[in-house]
Amino acid sequence: MTTAAAPAPRASEAIDARRIRTLQGVGMLCGLTAGAWLGAAEAPTKLVTLGLSPVVISLSMVIGVFLARWTLPALIQGTSYVAADLRQAPHLIVWAILAGCLWAVANTLTIFAVRDVGLSIAFPLWNTNSLLGIIWGIVFFRELRGADTRRWLGVIGGAVLMFVGATVLAIASASQSASRDALRGVAAALMAGVLWGTMYIPYRKAYLTGMSPLSFVTFFTVGELGMMAALGVTYSGGVAPLWDQLSGARHVLFWLLAGGFVWVVGDLFQQYAVKYAGITRGIPLSNTNQLWGLMWGILVFGELRSARGAVLAQVIGGSVVMAIGAGLIALSSVSRSEHLRWEEAAAREGDRYRVDPEYTRARIAGESAGAVRRRSWIDWVVVGIATAIIVAFAAIARAPQIDVAAGWTVALVVATIAMLVVAGGALWRVTRFN
Amino acid sequence: MPDDRSQPPKSWINLVLRDLQFWVPVGVLVVGLMVLRWIS
């Protein structure tokens, strides 16, 4: 496929207010869609029988993530587009790999945190990542500068409400696992939040420069898989024991790979949300994944079936508070004056790394900057290999021994795909996935 | 006063290493690995 690129406007040309509103709307929609897909990613992992080591579960999901992160960009943009992006801003390879390393360590820490203090304490602690992300957005990238009081209150108040709602939901949906080592578990959860919150620095760095999220994630996943493999080898006691564990789990690996694949779709939308709505709006909106995860748990897998009335009230109350917080943020769109500060930050970034200002300006506006999409045989080889691996694992996968509510499964799958179609369609119409 | 235009362009890896913002996630990653080692 070849898409003719629109002529890029001059670097000095400011992005008009109407275009900013459109990009903001798409960014917010991407944030909400990210929440649905990141929440759905938890479903396949629930199908896996317990008994696997946490590191093996995490590594298997990351392998699925790796496959998806090379396949989807190759399918949508073609590797030549990714290469063209990297020629414009090669320094972002380092930033992307660094972000992937941060993600892998954070994800592993969450597993230990849940083991040591349970989900109810661990989740709210690592959920502070969006609050830290907002701080980095304000400090490093001039987000919310030039915004009026209403928008400041909307974003900060909305994020605090979402944090409170998430805390209530986590307490309500807590597992009954006994606390093994509270201090270490709390430290692990807090550190995971700090790592994820800091991961948004490379994200924003890339998108202020103008890089397409599809290009960024291709290298992000190199850091992710590399770090996760190193952790897997270290904590399994060597390559051979890790291989033995993976081989022993081969009948359930497909479900973990599927979880990783679904997660990537959500993460891609999260990256577009950061690009077009900023960290301060995009990340809190994508944190609605907890609501979706809860819906999958309660409606499809029958969790909380025997819960007391007080617990159900907590679930409903926490969900409403989270939804109100998300709504407040969604209504606090970026004003023209705030967007000018973003553009100043982008110009500084481009100047520091000697990136063509024409490229940066065009990409921030969601334009192609002259890049041409063309799929080659390399793309089809990448897609073919990834598909073959997934099909091979699907062929040896065992059907899960777990009851699911078929009606609710269909309803949630339809809702999640509908959000993909709506957000993906809007993203294509407005930005051509730039 | 030296003329900047006559200097060869710095490599992008040097530009990354001279960026203060780069060392924030690097520092957080190192601390994260230390916490992971401590809790496991």
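Which residues in H12(A) meet A:Ile390, A:Phe393 and A:Ala394 in H18(A)? In this predicted model, the residues on the H12(A) side are A:Leu253, A:Phe254 and A:Leu257. The two helices, H12(A) and helix H18 (residues 377-396) of chain A, have axes 8 Å apart and pack at an angle of about 140°. H12(A) is therefore oblique to H18(A). The contact of H12(A) with H18(A) consists of six nonpolar residues, with no polar and no charged ones.

H12(A) also packs against helix H1 (residues 17-40) of chain A, at an angle of about 155° and with the axes 7 Å apart. This angle is over 145 degrees, so H1(A) is roughly antiparallel to H12(A). The crossing of H1(A) and H12(A) is left-handed. On the side of H1(A), the residues in this contact are A:Leu23, A:Gln24, A:Val26, A:Gly27, A:Met28, A:Cys30, A:Gly31, A:Thr33, A:Ala34, A:Trp37, A:Leu38 and A:Ala40. Their partners in H12(A) include A:Val262, A:Trp263, A:Val265, A:Gly266, A:Phe269 and A:Gln270, and further along the helix also A:Tyr272, A:Ala273, A:Lys275, A:Tyr276 and A:Ala277. By class, the contact of H1(A) with H12(A) has 16 nonpolar, six polar and one charged residue.

The largest nonpolar core has 144 residues. The members that touch the most other members are A:Cys30, A:Leu102, A:Val105, A:Leu109, A:Ala113, A:Ala192 and A:Leu195. Helix H12 (residues 253-277) of chain A gives the most to this core, with 18 residues. One of the core members named above, A:Cys30, is among the H1(A) residues that meet H12(A). Another, A:Val105, has contacts in both chains. Apart from its neighbours within four places in sequence, A:Val105 is in contact with A:Leu195 and A:Met227 in chain A, and with B:Leu29, B:Gly32, B:Leu33 and B:Leu36 in chain B.

Chain B has 40 residues, of which 15% are buried. Two helices and zero strands are assigned to chain B. The contact between the chains takes 26 residues from chain A and 17 residues from chain B. On the side of chain A that touches chain B, the elements giving two or more residues are helix H5 (92-117), helix H9 (182-209) and helix H16 (336-353). Of these, H9(A) gives the most, with 10 residues. The side of chain A that touches chain B divides by class into 19 nonpolar, three polar and four charged residues.

Within this interface, H9(A) packs against helix H2 (residues 20-39) of chain B at an angle of about 155°, and the two axes are 9 Å apart. H9(A) is therefore roughly antiparallel to H2(B). The crossing in which H9(A) passes H2(B) is left-handed. From H9(A), the contact takes A:Arg184, A:Ala187, A:Ala188, A:Met191, A:Val194, A:Leu195, A:Thr198, A:Ile201, A:Pro202 and A:Lys205. These residues meet B:Gln21, B:Val24, B:Pro25, B:Val28, B:Gly32, B:Val35 and B:Ile39 in H2(B). The contact of H9(A) with H2(B) has 12 nonpolar, three polar and two charged residues.

Individual residues of chain A were also examined. A:Arg354 is found in the loop between H16 and helix H17 (357-364) of chain A. Phi of A:Arg354 is positive, near 55°, although the residue is not a glycine. A:Arg354 counts as partly exposed because it has 13 C-beta neighbours inside 10 Å. A:Phe433, in the segment after helix H19 (406-431) of chain A, is likewise not a glycine and has a positive phi of about 65°. A:Phe433 has 20 C-beta neighbours inside 10 Å and so counts as buried.

A:Gly226 is found in helix H10 (residues 213-236) of chain A. Its 16 C-beta neighbours inside 10 Å mean that A:Gly226 counts as partly exposed. A:Gly226 and A:Val62 are 164 residues apart in sequence, and their C-alpha atoms are 9.8 Å apart in space.

How values were computed:
Residues are numbered from 1 along each chain as its sequence is written. Chains are lettered from A and ligands numbered from 1 in the order in which they are written. This is a predicted model: local features need pLDDT of at least 70, side-chain atom pairs count only at pLDDT 80 or more; totals for chains, interfaces and linings use all residues. A nonpolar core is a set of buried Ala, Val, Leu, Ile, Met, Phe, Trp, Tyr and Cys residues joined through C-beta atoms within 7 Å. A residue is buried if 20 or more other C-beta atoms lie within 10 Å of its own, exposed if 12 or fewer, and partly exposed in between; C-beta atoms are placed from the backbone. Helices (H or I, at least four residues) and strands (E, at least two) are DSSP runs, numbered from the N terminus. Two residues are in contact if their C-beta atoms, placed from the backbone, lie within 7 Å. Ala, Val, Leu, Ile, Met, Phe, Trp, Tyr, Cys and Pro count as nonpolar, Asp, Glu, Lys and Arg as charged, and the others, Gly among them, as polar. Axes are lines fitted to C-alpha atoms, for helices over the stretch in contact, and angles run from 0 to 180 degrees between N-to-C directions. Angles under 35 degrees count as roughly parallel, over 145 as roughly antiparallel, 65 to 115 as roughly perpendicular and the rest as oblique. A crossing is left-handed if the near helix is turned anticlockwise from the far one by less than a right angle, and right-handed if clockwise.
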